[in-house]
Structure formats: C-alpha cells, structure tokens
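Visitor: Could you walk me through this model and tell me what backs up each label?

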Amino acid sequence: MTLNIAEQIADYAHSLDGGRLPPLVVHRVKQRMVDSLACALGAFGSVPARAATAMAAMVPVPAAGVLGTRLRTTPDIAAFANGTLVRYLDYNDGYMSRDPGHPSDNIPACLAVAEAEGAPGQDLITAIVLAYEVQMRLQDAAGLNRRGWDHVNYILVSMAAAASRLMKLDRRQTVQAINMALNGHIAMRQVRSGELSAWKGCSAANAARNAIFCAGLARHGMDGPSPIFEGKMGFIRQVCGEMDFDISRFGTAENGDFRILKSLTKSFPTNGELHTAVFAAIDLRALLGNLDEVETIHIDTTDIGYRILASDPQKWRPATRETADHSLPYTVARALLDGDITLASYDPAMIADPRAAALMDRTTVAEDPALTALFPAHLPNRVTVTMRSGQVFRREVVSGPGSVETPMTDADFDVKFRRMADGRIDRQQQDRALDFVMGLEHQTGYAVLFDAMCGPQP
C-alpha cells in the first residue's frame, strides 16, 4: 500500500537514528543554536518580545522557560515567546529553494518541548536535525509565496514531526499531529507584503506553537483530516499546487545528505536576499567620496529580490523596522551612508533620515534574468553608482560569508553571539551559554542555559 506524505514523514521521524548522525551535522546544530541565541539576545526588549513575554506571564506553568526571564509556562507558549525572539531581527539562518524560509525557527520550539518533556540534549539535537530536514525538503518540493501563502506553513509540518519525536508519540499519533497542524493553521503571505508589521517576526513562532499544541492533542487521542496533502481539499490542491516530494531524498546516516548542511547564516540583521547588495554597497562606499555627488544608484537583483524587496511602494519609504529590513533601496542607501548594517540601521531615526530618503529617490531596481538564473544556489546583487562627474562604480556580489561555499566559522558565531550579548548578559553568563551549547549532546537538563541567558530583571 502506498503511504501518503504525512505517513512517510512520520515514518522518517521515527526511523531517524540520532546516535548515527554525522559529526559535522551535530556541529551544525550547535552552531545554529548559538546563532539563534545570539538573535534572541539582540531582540530582548523589542515590542513583540515584550508582548509575547506578557502573554507567557499570564500562563504560569512549570514546564518550559522563556529566554531572558525567570518565567516558566507551557511549551507551546514558550515556543512562541522564544521563537519571536529568535526571528524578530531577521538575523537567523535561512534556506533558499522553491520557497525561502528560516529553518532555525524550529530551534526554540524544539528546545521548549525538550525541556517540558525532560528530553536530554542528544534527543534535542536529533529533533532539530529532523525539523530542518522536513522543513527544507518541503521548501525544495513546492513554492508557496507566488500563490499567496507564507513559508511558515512548512513549519507546521516540521515542528509537528519534531514535537512528536520529543514527546515519544507513536507513528499514528505523529501522522495525526501533522494532519491537524497543517489543516487548521494555514498562514497567508500578506504578512510579508506591503507595509510589514510586528507579526512578520511572529508568524513562524505561531506556526511552531500550533504544531506543538496539535502534537499534544494527538498524544491524547485526537485525530485530524487525512490525507492532508493529497486529499481533494488538501494542501496540494488548495495551497501549494504541484509538489515534487520524494522521501528517499531525505538525509540518513547512510547518505549523510542532511539539509541542515545547506542552511545559510547572516552577517547582517536583515533579509537574506539583501546580503550581497550590502556587501556590494560597503565595497562601493570606500570609493565614492562625497555621497552628495551621487547622480543615480541602480540595483540589479533576482526575481525574488525584486518581488519581495522592491516591488511594493512601501519598500521605497519604509515606516517600520520590519519593512525597512525588507527594503532593498533603503538598506543599500543605509550601507552607502554608514559602511555597515547593524541593529541601529533600523532605528526609527535612521529610517526617517532624510539622507537615506534622498539616496532612495536616486535609486532604481530591476530584475536581471542572468542573476535570477543563479538563484537559489546563490543570492546575487549588482549595485551601480553613477556620479555627477559621469564616473561609474559597479560591484556585483554573488556570494559571501555564511553561504554554503563560505560557511561562518565557530569564531564568527562567537563574535556574533557576544556582540548581541554585550550589555544584556555578563561575560561569565556568555561563557556558560556557549559552553552549554558546545556540550549539548551531554546535557541532561536546560536550567543552566536559561540561567545564563537571563539578564537583569525589570
């Protein structure tokens, strides 16, 4: 009998042997966890983080911790609060395929379930590898954004599978968790269209929260509609269209082809498709001299870069941080002005800077099919600046640090973590958090980590 897709994913979730994961895969998990914690530290105090923490405080349950606080709550609410922290700055990892996405959105959710279930660090590592594999293979299988749906719909599946694994659900229960999570919580792409709101940083966390809730229901006997992918009113016909799904491509100990090895990490707290444009602008900044002498700026980008980062009028006059960090013209202008992109680049005063507006007024953006042809293996951009003197400066960047071919090193992640941690937790706490993650496979609990990540309480 042919298994449906949910059944195949459930079988994979149960068969993945955490004891036989390649050492490089285990190390990638640790790097991605350090990266995620860095992102969370940088988001402490943000409006979405405060809202999510306030919600967690209303449900005091001694199951799972909320990063940066002494609060404990249910695993699904902890997953939402911590997931919002990791995602808010748009600084966490990414993966580009038929659909873009951020697989580390699964990490805070896996951590919440592992803590609530008393699962050791080795089980957490396995769950994270599983979540990455499911989400990223689904991103390979079908695109959602062109059809008006958000990529976080794949997190409904990946976290349902990972939570089921950590909860030790049986195969049938895992299938039902996937069925319920995917049917009941489809997210629209409007979250990333036009003027972007705070929900941009919460959409993935909400998907993870819903998946955990459904795994809990499955544990207690609830079932969901099936076949959720292939059914007459299912995901393929209603949401994604054609899906090139093949479970035999998934990573195993035998083939070693785990998708986590293809995830990308970020040097700047901004949209991933923007990074090469930032590198290009920083290179150009050193050559231009007086920016008042800039006549025009032209940015050639990919199809997805143009559609997501420059096609809406709001991207040309961003009013929120969420819109600004998804604005190709604004971010290039800011990089030309400052020679860098940092958290401060998206402060309200920076967004309202008339110098940035003046540069955006001189900017045009267009898709270059030659650059689109390089996607998704690369995320290229080309920035051309013409001066009033007639002199032309041009930089095209195809790849950079954090790519598959030039991955960030342990030292890079250490620097990123400490840059976000300084002023939030002290040096000893930073060391404890990093040591905990580097020894994750030997950990039997998570109190040390949450204590290390907790700064002064208000």
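Guide: What follows is a round of questions and answers about this model, which is predicted.

Visitor: Let's start with cysteines. How do you know how many disulfides there are?

Guide: The structure holds zero disulfides. Take Cys110: the nearest cysteine sulfur belongs to Cys214 and is 16 Å away. A disulfide needs the two sulfurs within 2.5 Å, so Cys110 is in none. Cys202 is in no disulfide either, with the sulfur of Cys39, its nearest, 15 Å away.

Visitor: Why is Cys110 called buried?

Guide: Because its relative accessibility is 0%, and buried means under 20%. Cys202 counts as buried too, because its value is 6%.

Visitor: On to the sheet. What makes S4 and S6 edge strands?

Guide: Each of them, S4 (363-367) and S6 (392-397), pairs on one side only. The sheet is open, with four strands in the order S4-S3-S5-S6. From one strand to the next, the twist averages 15°.

Visitor: And why is the pairing called mixed?

Guide: Go along the sheet. S3 (residues 294-301) and S4 run parallel, joined by five bridges; one spot to look at is Ile297, which stands opposite Thr363 in S4. S3 and S5 are antiparallel, over six bridges, and there His298 has Thr384 as its bridge partner. S5 and S6 are antiparallel as well, again over six bridges, with Thr386 partnered by Val392. Two strands pair if there are at least two bridges between them, so five bridges are enough for S3 and S4 to count as a pair.

Visitor: What makes S5 an enclosed strand?

Guide: Six of the seven residues of S5 are buried, so the rest of the structure largely encloses this strand. Helix H11 (residues 275-288) lies across S5 (381-387) and S6, at about 150° to S6. Helix H14 (residues 328-338) also packs on the sheet, where it touches S3, S4 and S5. The direction of H14 makes about 125° with that of S3.

Visitor: Which residue has a positive phi in the hairpin of S5 and S6?

Guide: Gly390, with a phi near 95°; the hairpin has four residues between its strands.

Visitor: What makes the phi of Asp90 worth a remark?

Guide: Phi of Asp90 is near 55°, which is positive, and the residue is not a glycine. Asp90 sits in the loop between helix H4 (75-88) and helix H5 (106-117). Lys168 also has a positive phi, about 60°, without being a glycine; its loop runs between helix H7 (153-166) and helix H8 (171-184).

Visitor: Are those two buried or exposed, and how do you know?

Guide: Asp90 is at 1% relative accessibility, so it counts as buried. Lys168 is at 64%, and exposed means over 50%, so Lys168 counts as exposed.

Visitor: Where are the cis peptide bonds, and what are their omega values?

Guide: One joins Ser226 and Pro227, with omega about 0°. Pro227 is in the loop between helix H9 (203-219) and helix H10 (235-240). Another joins Phe375 and Pro376, with omega about 10°, and Pro376 lies in the loop between helix H17 (369-372) and S5.

Visitor: Last one: how many cavities are there, and what lines the largest?

Guide: Four cavities of 30 Å³ or more are counted. The largest holds about 120 Å³ of space. It is lined by 15 residues, and Pro100, His102, Asn271, Glu273 and His326 lie nearest its centre.

Key: Residues are numbered from 1 along each chain as its sequence is written. This is a predicted model: local features need pLDDT of at least 70, side-chain atom pairs count only at pLDDT 80 or more; totals for chains, interfaces and linings use all residues. Side-chain values use heavy atoms; hydrogens and water are left out. Buried means under 20% relative accessible area, exposed over 50%, partly exposed in between (1.4 Å probe, protein chains only). Axes are lines fitted to C-alpha atoms, for helices over the stretch in contact, and angles run from 0 to 180 degrees between N-to-C directions. Contact means heavy atoms within 4.5 Å. On a 1 Å grid over the protein atoms alone, a cavity is a set of points where a 1.4 Å probe fits but cannot get out, and a pocket is an open set with protein on both sides within 12 Å along at least five of seven lines; lining residues have an atom within 4 Å of a point. Grid points are joined across faces, edges and corners, and a volume is the space filled by probe spheres set on the points.
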